[in-house]
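Visitor: Could you walk me through this one? I'm new to it.

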Amino acid sequence: MNIADAVANRRAVRAYLDKPVDPALLRRVIEAAQMAPSGYNFQPWEGVVVTGEKLRELSGLLLEAKPQDPSEYQLVPRGLPEFYKDRRDGIVARRMEAAGFERGDKAGMAAMQARNFEFFGAPAAMFTFVPRIMGLPQWSDVGMWLQTVMLLLVGERLGCCPQESLFVHGKLIKQFLGISDETHVFFCGMAIGHPDPDAPLNTFERTRAPTAEAVRFIGDS
Ligand SMILES: Cc1cc2nc3c(=O)[nH]c(=O)nc-3n(C[C@H](O)[C@H](O)[C@H](O)COP(=O)(O)O)c2cc1C
């Protein structure tokens with residue numbers, strides 16, 4: 001698959017086939033992603049890949065647990081301008097519709113959240129942590145690494161969904177995986193598996209703002 005196709009075909013996959021991921025393939029993808037760029041070559045990302053019984057055990061704990069207080073981090077910025085709220089409300093509405101829930105259905109919202117804790121039925125997941133000492137530039141490096149992992153997964157015809165909603169249980173996840181809360185922030189999970197090609201959750205139309213709202217071109221064009 002060429003890079004443009006991988007970028008176009010990547011989407012947040014929220015329904016998976018009941019089929020394991022080849023562990024050797026997963027390892028190859030993670031190894032290839034080590035070539036992701038980072039400022040000063042710090043490579044500030046840290047991940048743990050979990051599969052099988054261990055993942056099911058963690059899922060059970062996440063489903064039972066109460067959200068931690070205080071939160072791992074501020075997920076949604078305070079004082080968000082309206083256009084950002086519109087983008088967020090748009091994806092929430094499309095997901096609700098694809099999952100078969102009415103708009104504003106609170107129980108439906110909770111069920112959708114719970115699917116995150118079940119990794120949408122994916123057989124594998126990766127959890128990403130950032131050393132607390134790292135700042136804004138290094139958080140961006142972690143994002144580049146995650147995107148590198150995602151595109152490589154797409155190149156292998158696998159699907160994934162990054163999951164920051166797991167941040168409500170960051171401490172639990174760290175404890176489960178033997179990661180120090182003192183030294184590390186939990187950033188996100190990532191469900192990984194074979195996408196269910198027919199699931200409405202994997203086929204609804206995705207939208208983006210016009211490029212001109214994001215990037216200007218100056219000079220020769
Ligand atoms: C860092 C990050 C965290 C995300 N967390 C979640 C999540 O917890 N649950 C979820 O269903 N989708 C999550 N998403 C997926 C976004 O909703 C999705 O990327 C966005 O709506 C654009 O859609 P697309 O990825 O399908 O193109 C996350 C995406 C990113 C990049």
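Guide: A term to start with: a polar contact here is a pair of N or O atoms within 3.5 Å. Please keep in mind that the model is a predicted one.

Visitor: Okay, so how far is an oxygen atom of the ligand from the side chain of Arg10?

Guide: An oxygen atom of the ligand lies 2.9 Å from an N or O atom in the side chain of Arg10, and a polar backbone atom of Ala12 is also 2.9 Å from an oxygen atom of the ligand. In addition, a nitrogen atom of the ligand is 3.0 Å from an N or O atom in the Asn116 side chain.

Visitor: And how much of the ligand does the protein bury?

Guide: The ligand taken alone exposes 610 Å², and the protein buries 77% of that. There are 16 residues surrounding the ligand, and the closest are Ala12, Arg14, Ser165, Arg206 and Arg208.

Visitor: Switching to helices: at what angle do α4 and α5 pack?

Guide: Helix α4, residues 82–98, packs with helix α5, residues 106–117, at about 90 degrees, and their axes are 11 Å apart. The two are therefore roughly perpendicular to each other.

Visitor: Which residues make that contact?

Guide: Val92, Arg95 and Met96 contribute from α4, while Gly108, Met109, Met112 and Asn116 contribute from α5. By class, four of these residues are nonpolar, two are polar and one is charged.

Visitor: Where is the cis peptide bond?

Guide: The cis peptide bond joins Asp69 and Pro70, with omega at about 5 degrees, and Pro70 sits in the loop between α3 and α4.

Technical notes. Residues are numbered from 1 along each chain as its sequence is written. This is a predicted model: local features need pLDDT of at least 70, side-chain atom pairs count only at pLDDT 80 or more; totals for chains, interfaces and linings use all residues. Side-chain values use heavy atoms; hydrogens and water are left out. Axes are lines fitted to C-alpha atoms, for helices over the stretch in contact, and angles run from 0 to 180 degrees between N-to-C directions. Helices (H or I, at least four residues) and strands (E, at least two) are DSSP runs, numbered from the N terminus. Angles under 35 degrees count as roughly parallel, over 145 as roughly antiparallel, 65 to 115 as roughly perpendicular and the rest as oblique. Contact means heavy atoms within 4.5 Å. Ala, Val, Leu, Ile, Met, Phe, Trp, Tyr, Cys and Pro count as nonpolar, Asp, Glu, Lys and Arg as charged, and the others, Gly among them, as polar. A residue is near a molecule or strand if one of its heavy atoms lies within 4 Å of it. A polar contact is a pair of N or O atoms within 3.5 Å; within protein, one must be able to donate a hydrogen and the other to accept it, and residues adjacent in sequence count only if both atoms are side-chain atoms. Accessible areas come from the Shrake-Rupley method with a 1.4 Å probe; for residues, only the protein chains shown count as cover.
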